[in-house]
Amino acid sequence: PLISVYEGIEHRGKRGICKNIFHISEYGKSPAELWERVSDEIDRRYDLSRTKIYLHGDGAAWIKQGLDYLPHSQFVLDRYHKNKAIKQALSGIDRKAGSQYEFNIRKALNEGNRDRLLSMQETLLSRYPERENTIRENTDYLLNNFESITITKKDKAALNGGCTEPHVSHVLLARGK
């Protein structure tokens, strides 16, 4: 596991650069030990009395466990995993219909309309019963992370983070050399 801590994203042209980033990754440590280390390091570096922390990730239990260690923190499902779930839910559906379903799913998420997303799930399940497992798995993922997706519409500061996936490949690969 890799935890990347930074002070938001700074834009340089089209690129987003993590401000003052540092990484913590320790093989063989439990999530509790890892989050304890992260909490100690953040406390050492920052005054958190009036700071809101956004914990971006894929929704894994070990990541959400960080909410217990970081005061004033909120989980935000990163865009990579949201987009991946949408694309996977619609894979195998012809392009024209898939584009319309994608539009409606994104609209439901952008509007914070859980009922609309549930309706889209039911429509997809009824029209594509042979794809039930894939549709259900991915739309359930979106529903289970609904609040952590729609927070970005209510709280624009929650958007000032990114996906750790590139950090995992770049940072951990560099450490292996």
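Buried means under 20% relative accessible area, exposed over 50%, and partly exposed in between, with a 1.4 Å probe and protein chains only. The model is predicted: local features need pLDDT of at least 70, side-chain atom pairs count only at pLDDT 80 or more, and totals for chains, interfaces and linings use all residues. Residues are numbered from 1 along each chain as its sequence is written, and side-chain values use heavy atoms, with hydrogens and water left out.

**Exercise 1. Classify Leu 77 as buried or exposed, and describe its surroundings.**

Step 1. Place the residue: Leu 77 lies in strand β6. Strands (E, at least two residues) and helices (H or I, at least four) are DSSP runs, numbered from the N terminus.

Step 2. Apply the cut-off. Leu 77 has 5% relative accessibility, so it counts as buried.

Step 3. List the contacts, meaning heavy atoms within 4.5 Å. Leaving out residues up to four places away in sequence, Leu 77 touches Gly 57, Asp 58, Gly 59, Lys 82, Tyr 141, Asn 145, Ser 148 and Ile 149.

Step 4. Look at the strand as a whole. β6 (residues 73-77) is largely enclosed by the rest of the structure, because four of its five residues are buried.

**Exercise 2. Find how strand β5 pairs with β6.**

Step 1. Two strands pair if DSSP finds at least two bridges between them. β5 (residues 53-57) and β6 have five bridges, in the parallel sense.

Step 2. Locate one facing pair: His 56 stands opposite Val 76 in β6.

**Exercise 3. Identify the helix that gives the most residues to the largest nonpolar core.**

Step 1. A nonpolar core is a set of buried Ala, Val, Leu, Ile, Met, Phe, Trp, Tyr and Cys residues joined through side-chain atoms within 4.5 Å. The largest one has 34 residues, and those with the most contacts inside it include Tyr 101, Ile 105, Leu 109 and Leu 124.

Step 2. The helix is α4 (residues 95-111), which gives five residues to this core.

Step 3. Follow one core residue. Outside its neighbours within four places in sequence, Leu 124 contacts Leu 90, Ile 93, Tyr 101, Ile 105 and Ile 135.

**Exercise 4. State which residues of α3 and α4 meet.**

Step 1. From α3 come Lys 82, Asn 83, Ile 86, Lys 87 and Leu 90; from α4 come Gly 98, Tyr 101, Glu 102, Ile 105, Arg 106 and Leu 109.

Step 2. Sort them by class: five are nonpolar, two polar and four charged. Ala, Val, Leu, Ile, Met, Phe, Trp, Tyr, Cys and Pro count as nonpolar, Asp, Glu, Lys and Arg as charged, and the others, Gly among them, as polar.
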